[in-house]
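Morning, everyone. I'll walk through one model, piece by piece. Please keep the viewer open and follow along.

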Amino acid sequence: MSPLKIAVMGAGLIGKRHAAHVRAEPGAALSAIIDPAPAGKAFAEEIGVAWYPGFDALPAAEKPDGVIVATPNQLHVANGLELVAAGVPMLVEKPLADSVDSARRLVQAAEAAGVPLLVGHHRRHNPMIRKAREAIDAGRLGRILTLNGQFWLVKPDDYFDIDWRRQEGAGPILINLIHDIDLFRYLCGEIVGVQALSSNAVRGNPAEETAVAILRFANGALGTVSASDTVVAPWSWELTTGENPAYPRQDQSCYQIGGTHGSLTIPALELWSHSDRRGWWEPLKRERIPFVPEDPLQAQIRHFCAVIRGEEAPLVSGREGLATLAVIEAVKRAARSGAPVEIAPEPAPVRAGA
């Protein structure tokens, strides 16, 4: 089977990581870098692949089998609609768009045209998360009642030398918490209501630096999550999972999920339960669920290729990315207003040819 031709649109930090993973995937070949900036052209020349300033500049003969969209958030919808019109499957980096309304427009267009649309919530591809989902689905925790998540770390002062990182929308709610919310939905079900508060008490930038949210799930479970990019602490996905070697790994947890018959920590996958009777005087046993680590970004590329070939359905579809973005938008709205926000279900999807 010939390798699929995959182009990467956007040659920033995440675009370069995607390019490296495409080149490492036996079933794919990096066919082009699409980026109007001189730095994008220089990167393409450096790694020896074709460069184009925009998708419309590709010759018809060079049409890729799929495109990874890693451009700035505000360009995702325009880039995605261009790919829909060309009938090219796409993997769009998170967040799917900079608003629910614009994300919905892209999702509906892709569905109507029958073009595969995946969203880059790559953490779902982590084998550790898949094992956690298996344990929950098998009922090993009983009925899920509550969860707690933390994203606590400190971004260095020079991180904020770039202006957009100080502005509204660049705080940890949209940039970081969106990953955690997506995993909470994947593990525990749909979130139907939120309450939230946020603060910028330290830096005073328009972007929030700390946020706390209460989550209400459709199945009755309740969750709490807090995020701060100005706290010195070891409790975050970045610092506990070892997923990205740039972060010093800590032997701590970032999530705890509790049910009527057991609780689970992530990323250690420690399952706490009773051997016999349940009760506060009964001894607890601790079991660690084994898994084989794998780079989730690499697994995501392999999955993208399988979707293009029609071998698998998207793990994180456009609808999934839209639903996660809707929760994040609700958190931001609740933090601004101080009032609870309900999350309305999305209309039924539009099928191709309907």
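**A kinked helix and two sheets**

Start with helix H6, residues 172-188. This helix has a kink of about 45°, centred on Ile-178. Keep in mind that this is a predicted model.

How many of the residues of H6 are buried? It is 17 of the 17, so H6 is largely enclosed by the rest of the structure. Go just past the end of H6 and you reach Gly-189, with a positive phi of about 105°.

Now pick one residue inside the helix. Asp-180 is found in H6. Buried or exposed? Asp-180 has 2% relative accessibility, and the cut-off for buried is under 20%, so Asp-180 counts as buried. Leaving out residues up to four places away in sequence, Asp-180 touches Arg-123, Phe-151, Trp-237 and Tyr-255.

Next, a helix partner. Two packed helices are described by the angle between their axes and the distance between the axes. For helix H5, residues 127-137, and H6, the axes come within 9 Å and cross at roughly 35°. H5 brings Ile-129, Ala-132, Arg-133 and Ile-136 to this contact, and H6 brings Leu-183, Tyr-186 and Leu-187. By class, the contact of H5 with H6 has six nonpolar residues, no polar ones and one charged.

On to the sheet beside H6. The sheet is open, with nine strands and mixed pairing. Read the order as E14-E13-E12-E11-E7-E10-E9-E8-E15. Which strands stand at the edges? Strand E14, 284-288, and strand E15, 341-342. Each has a single partner strand, so one side of each is left without a neighbour in the sheet. H6 packs on this sheet. The strands H6 touches are E7 (144-152), E8, E9, E10 (222-228), E11 (255-259) and E12 (263-266). The direction of H6 makes about 155° with that of E7.

Zoom in on one pair. Strands of a sheet pair through backbone hydrogen bonds, either parallel or antiparallel. Strand E8, residues 191-199, and strand E9, residues 210-217, run antiparallel, joined by eight bridges. To find the register, take Leu-197: its bridge partner in E9 is Val-212. There is another helix here too. Helix H9, residues 318-337, lies across E8, E9 and E15. H9 runs at about 45° to E8.

One loop before we leave this part. Asp-251 sits in the loop between helix H7, 237-241, and E11. Asp-251 counts as exposed, at 73% relative accessibility. Asp-251 and Asn-205 are 46 residues apart in sequence, and their C-alpha atoms are 32 Å apart in space.

Now the other sheet. This open sheet has six strands, in the order E3-E2-E1-E4-E5-E6, with parallel pairing. Strand E3, 50-52, and strand E6, 117-120, take the edges. Each has a single partner strand, so one side of each has no neighbour in the sheet. The twist averages 25° from one strand to the next.

Look at the E6 end. Strand E5, residues 90-93, pairs with E6 in the parallel sense over four bridges. Val-92 stands opposite Val-119 in E6. What covers the faces of E5 is a separate matter, but E6 is covered on both faces. Leu-117 and Val-119 on one side, Leu-118 and Gly-120 on the other, are all buried.

Helix H3 packs on this sheet, touching strand E1 (4-9), strand E4 (66-69) and E5. The direction of H3 makes about 180° with that of E5.

H3 has a helix partner as well. The axes of H3, residues 76-86, and helix H4, residues 100-113, come within 10 Å and cross at roughly 10°. Angles under 35 degrees count as roughly parallel, so H3 and H4 are roughly parallel to each other. From H3, the contact uses His-76, Val-77, Gly-80, Leu-81 and Val-84. From H4, it uses Ser-102, Ala-103, Arg-105, Leu-106, Ala-109, Ala-110 and Ala-113. The residues of this contact divide into eight nonpolar, three polar and one charged.

Last stop. Ala-39 lies in helix H2, residues 38-47. Ala-39 is exposed, with a relative accessible area of 57%. Gly-12 is 27 residues from Ala-39 along the chain, with 8.7 Å between their C-alpha atoms.

Terms used:
Residues are numbered from 1 along each chain as its sequence is written. This is a predicted model: local features need pLDDT of at least 70, side-chain atom pairs count only at pLDDT 80 or more; totals for chains, interfaces and linings use all residues. Side-chain values use heavy atoms; hydrogens and water are left out. Axes are lines fitted to C-alpha atoms, for helices over the stretch in contact, and angles run from 0 to 180 degrees between N-to-C directions. Angles under 35 degrees count as roughly parallel, over 145 as roughly antiparallel, 65 to 115 as roughly perpendicular and the rest as oblique. Contact means heavy atoms within 4.5 Å. Ala, Val, Leu, Ile, Met, Phe, Trp, Tyr, Cys and Pro count as nonpolar, Asp, Glu, Lys and Arg as charged, and the others, Gly among them, as polar. The bend at a residue is the angle between axes fitted to the seven residues ending there and the seven starting there. Buried means under 20% relative accessible area, exposed over 50%, partly exposed in between (1.4 Å probe, protein chains only). Two strands pair if DSSP finds at least two bridges between them.
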